Amino acid sequence: MHSTVTQVANIGKVLDVLSNLLAPGARLLLADYFVSEERGDVRALKKWTGLQPGPTFMITVTEFKEILINLGFEIHVDEDLKVPFRNHVRGAWEGFLKGVAEGAYPLDELGPALLESTRWMAGTRALKVGGLQFRRVSATLRN
């Protein structure tokens with residue numbers, strides 16, 4: 001799953017239903033945003049959530065892992081991907097700007113692309129100054 005936690009009002013309920021559908025030994029792999037435990041720069045987080053196309057629901061990675069453990073999952077990986085994810089987004093933005101400078105995009109397509117880029121850049125800002133994390137979590141459903 002990717003970018004699921006932030007778009008579901010009750011991720012615990014979704015994971016409960018999912019865990020009942022999975023066979024023992026099934027593996028769950030998720031890469032997603034989580035709110036930082038220390039909250040960091042709340043303004044940057046609010047800006048990012050305000051730019052999302054729909055409602056955004058934030059929990060901490062600790063809360064997410066507690067849900068998984070209570071549902072019978074064993075967590076194998078909890079990896080902070082903040083820096084590589086920020087670098088990926090910044091590289092994509094630089095590539096986009098290079099394409100704009102070279103005239104690779106029709107001018108009437110730049111408005112929506114700039115709005116999308118604004119969302120991504122607000123996310124990298126919130127990742128940099130705190131408030132937002134991007135993590136990979138992998139867990140296996142116990143027997």
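**Overall layout**

I began with the secondary structure and counted five helices and three strands in the chain, bearing in mind throughout that this is a predicted model. Reading from the N terminus, I noted the order of the elements as α-β-α-α-β-α-α-β. I then looked up the extent of the chain, and its C-alpha atoms fill a box of roughly 55 × 30 × 25 Å along the principal axes. For the surface I recorded about 8200 Å² of accessible area, with 55% of that area belonging to carbon and sulfur atoms, while 38% of the 143 residues count as buried. I also checked the contacts between residues at least 6 apart in sequence, and I found that 85% of these join residues at least 24 apart.

**Strands β1 and β3**

I turned next to strand β1, residues 27–35, which is mostly covered, with seven of its nine residues buried. Its pairing with strand β3, residues 132–141, is antiparallel and runs over nine bridges. As one point of register I wrote down that Leu28 stands opposite Ala139 in β3.

**Largest pocket**

I looked up the largest pocket and entered its volume as about 260 Å³. It is lined by 14 residues, and those closest to its centre are Gln7, Tyr33, Trp48, Gln52 and Pro53. Helix α5, residues 110–129, gives the largest share of this lining, although that share amounts to three residues. When I sorted the lining by class, I had five nonpolar, seven polar and two charged residues.

**Second largest pocket**

For the second largest pocket I noted about 150 Å³ of space. I listed its lining as His88, Val89, Ala92, Trp93, Phe96, Ala113, Ser117, Trp120 and Met121. Helices α4 (82–101) and α5 each supply at least two of these residues, and α4 gives the most, with five. By class I found seven nonpolar and two polar residues in this lining, and no charged ones.

**Asn87**

I finished with a single residue, Asn87, which I placed in helix α4. Is Asn87 buried, exposed or partly exposed? I entered it as partly exposed because its relative accessibility is 44%, and that value lies between the 20% under which a residue is buried and the 50% over which it is exposed. I also looked up the separation between Asn87 and Val77, which are 10 residues apart along the chain, and recorded 21 Å between their C-alpha atoms.

Notes
Residues numbered from 1 in each chain as written. Predicted model: local features only at pLDDT ≥ 70, side-chain atom pairs only at ≥ 80, totals over all residues. Heavy atoms only, no water. 1 Å grid on protein atoms, 1.4 Å probe; cavity = no way out; pocket = protein on both sides within 12 Å on 5 of 7 lines; lining within 4 Å. Points joined across faces, edges and corners; volume = space filled by probe spheres on them. Helix = DSSP H or I, 4+ residues; strand = E, 2+ residues; numbered from the N terminus. Nonpolar A, V, L, I, M, F, W, Y, C, P; charged D, E, K, R; others polar. Buried < 20%, exposed > 50% of the residue type's maximum accessible area, 1.4 Å probe, protein only. Pairing = 2+ DSSP bridges. Contact = heavy atoms within 4.5 Å. Areas by Shrake-Rupley, 256 points an atom, 1.4 Å probe, with all protein chains shown as cover.
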